[in-house]
Amino acid sequence: MTSSIRPLRVAMIGYAFMGRAHSNAWATVGSFFEVPAFEQRVLVGRDAAGVAAAATALGWSESATNWREVIARDDIDIVDICVPGHLHAEIALAALAAGKHVLVEKPLANTLADAEAMADAAADASARGVISLVGFNYRRMPALALARRIIADGRLGEIRQVRASYLQDWLADAAAPMTWRLRRETAGSGALGDLASHAVDQLQFLLGELVTEVSARTHTFVTERPGADGPEAVTVDDAVWATLAFDSGVRGSLEASRVATGRKNALTIEVFGSTGALRFDLEELNELWFLDATESIETQGFRRILVTEPEHPYLAAWWPQGHVLGWEHSFVHEIRDFLIAIDSGTPATPSFADGLAVQRVLSAIKLSSEATGANVIVGNVQASKETI
């Protein structure tokens with residue numbers, strides 16, 4: 001790794017849920033991983049008092065309310081975008097044009113047209129040495145990184161089918177209030193963009209191939225929520241179901257919901273091959289279940305791998321064996337990989353192109369649902385300014 005002449009200066013835009021998660025990662029990463037020097041220079045938000053308080057609490061040197069002015073500054077090298085999806089494209093495009101390295105939370109954008117523009121801009125910026133990354137943090141879960149390694153090593157044989165579901169219940173109560181995540185103009189979609197995007201990216205990451213066809217339905221169970229000025233219409237989906245086909249002929253199923261009573265943050269993934277299988281549940285995130293079908297049927301069965309050994313992805317930097325990690329560590333790993341990519345000048349993954357590939361699948365799912373579940377070829381989906 002080369003050493004930077006001076007510390008990289010970071011600006012982060014947004015300081016709510018994702019902003020806090022990213023701030024924790026920026027504050028932690030240098031204590032556990034060898035990364036180039038950097039500074040948490042400025043935190044940006046709309047409310048001057050609120051962002052100033054957050055900057056103090058989250059370790060940022062200063063605060064600001066105008067992201068355009070911050071991006072134009074010569075003392076900013078990295079822009080970390082943690083705002084709602086409808087703002088991603090404008091900020092990311094401006095940052096890339098200004099030569100800043102860019103990390104943007106998932107999904108890449110709210111529309112396929114915006115995602116294509118962002119991927120094109122990132123490709124152009126890459127030729128000038130500018131690094132960009134979209135924040136699908138679950139790629140950095142040690143257990144899922146190990147699952148990818150097992151699949152790539154051929155230990156499951158020929159992959160035949162996969163299942164993914166991402167279930168939460170924070171909207172199961174019909175009296176839960178309106179938020180920006182329930183408005184199409186700010187969120188783009190509901191469970192589709194919020195949760196299914198993670199599941200789609202994870203399946204494409206694990207298999208190393210793309211979804212080519214979908215058949216899907218979405219549904220909104222609670223169509224009206226309490227708003228600040230009275231009842232307000234919910235304009236996004238509560239849940240989505242889809243069947244998927246991949247490049248190689250692998251078949252899959254996908255389900256995502258924010259009204260699945262009793263499930264708090266349950267991303268579950270199953271991969272079935274000709275000689276083995278894997279199973280993962282985010283609510284037990286330090287465990288990966290593996291079945292070796294080449295073993296004798298007398299002793300064959302799923303066995304639990306506790307993914308806390310130093311030989312496992314990312315774990316050498318952390319605690320002794322058996323001392324488990326948490327959800328927040330995936331963001332630390334994400335920042336680590338991003339900084340190393342910047343320092344070495346090598347592309348980061350998942351790239352904006354990877355984010356665009358997910359966006360194409362989400363758009364195909366939306367089109368299929370609108371056509372009452374008709375089969376949609378992902379490659380035939382045209383760029384549109386309509387939200388996913």
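These exercises work through helix packing, the sheet and the salt bridges of one predicted model.

Residues are numbered from 1 along each chain as its sequence is written. The model is predicted, so local features need pLDDT of at least 70, side-chain atom pairs count only at pLDDT 80 or more, totals for chains, interfaces and linings use all residues, and side-chain values use heavy atoms, with hydrogens and water left out.

**Exercise 1. Describe how helix H6 packs against helix H8.**

Step 1. Locate the elements. H6 covers residues 142-152 and H8 covers residues 191-207. Helices (H or I, at least four residues) and strands (E, at least two) are DSSP runs, numbered from the N terminus.

Step 2. Take the geometry. The angle is about 40 degrees, and the axes are 8 Å apart. Axes are lines fitted to C-alpha atoms, for helices over the stretch in contact, and angles run from 0 to 180 degrees between N-to-C directions.

Step 3. Classify the angle. H6 is therefore oblique to H8. Angles under 35 degrees count as roughly parallel, over 145 as roughly antiparallel, 65 to 115 as roughly perpendicular and the rest as oblique.

Step 4. List the contacts (heavy atoms within 4.5 Å). H6 contributes Leu144, Ala147, Arg148 and Ile151. H8 contributes Gln202, Phe205 and Leu206.

Step 5. Sort by class. The contact has five nonpolar, one polar and one charged residues. Here Ala, Val, Leu, Ile, Met, Phe, Trp, Tyr, Cys and Pro count as nonpolar, Asp, Glu, Lys and Arg as charged, and the others, Gly among them, as polar.

**Exercise 2. Trace the nine-stranded open sheet and place H6 and H8 on it.**

Step 1. Write the order: E16-E15-E14-E13-E7-E12-E11-E8-E17. The pairing is mixed. Two strands pair if DSSP finds at least two bridges between them.

Step 2. Find the edges. They are E16 (303-306) and E17 (376-377), each pairing on one side only.

Step 3. Follow E13 into E14. E13 (residues 266-273) and E14 (residues 276-281) are antiparallel over five bridges. Phe272 stands opposite Ala277 in E14. The hairpin from E13 to E14 passes through two residues.

Step 4. Continue to E15. E14 and E15 run antiparallel, joined by four bridges. Gly276 has Asp292 in E15 as its bridge partner. This hairpin passes through five residues.

Step 5. Add the helices. H6 packs on the sheet and touches E7, E13, E14, E15 (287-292) and E16. The direction of H6 makes about 20 degrees with that of E15. H8 lies across E7, E8 (211-219), E11 (239-246), E12 (251-257) and E13. H8 runs at about 150 degrees to E12.

**Exercise 3. Examine three salt bridges and one network.**

Step 1. Fix the criterion. A salt bridge is a side-chain nitrogen of Lys or Arg within 4 Å of a carboxyl oxygen of Asp or Glu. The structure holds 22 of them.

Step 2. Take Asp337 and Arg140. Their N to O distance is 2.9 Å. Asp337 lies in H9 (residues 329-344) and Arg140 in the loop between E6 (132-135) and H6, so the pair ties together parts 197 residues apart in sequence. Both residues are buried. Buried means under 20% relative accessible area, exposed over 50%, partly exposed in between (1.4 Å probe, protein chains only).

Step 3. Take Asp194 and Arg181. Their N to O distance is 3.4 Å. Asp194 lies in H8 and Arg181 in the loop between E7 (159-167) and H7 (184-187), so parts 13 residues apart in sequence are tied together. Asp194 is buried at 15% relative accessibility. Arg181 is partly exposed at 22%.

Step 4. Take Lys366 and Glu370. Their closest N and O atoms are 2.8 Å apart. Both lie in H10 (residues 352-370), four residues apart, about one turn of the helix. Lys366 is buried at 13%, whereas Glu370 is exposed at 52%.

Step 5. Add the network. Salt bridges link Glu39, Arg41, Glu62, Arg73 and Asp75.

**Exercise 4. Describe the surroundings of Arg184.**

Step 1. Place Arg184. The residue lies in H7.

Step 2. Check exposure. Arg184 is partly exposed, with a relative accessible area of 28%.

Step 3. List the neighbours. Leaving out residues up to four places away in sequence, Arg184 touches Asn110, Thr235, Val236, Lys366, Thr387 and Ile388.

Step 4. Compare positions. Arg184 and Leu306 are 122 residues apart along the chain, with 40 Å between their C-alpha atoms.
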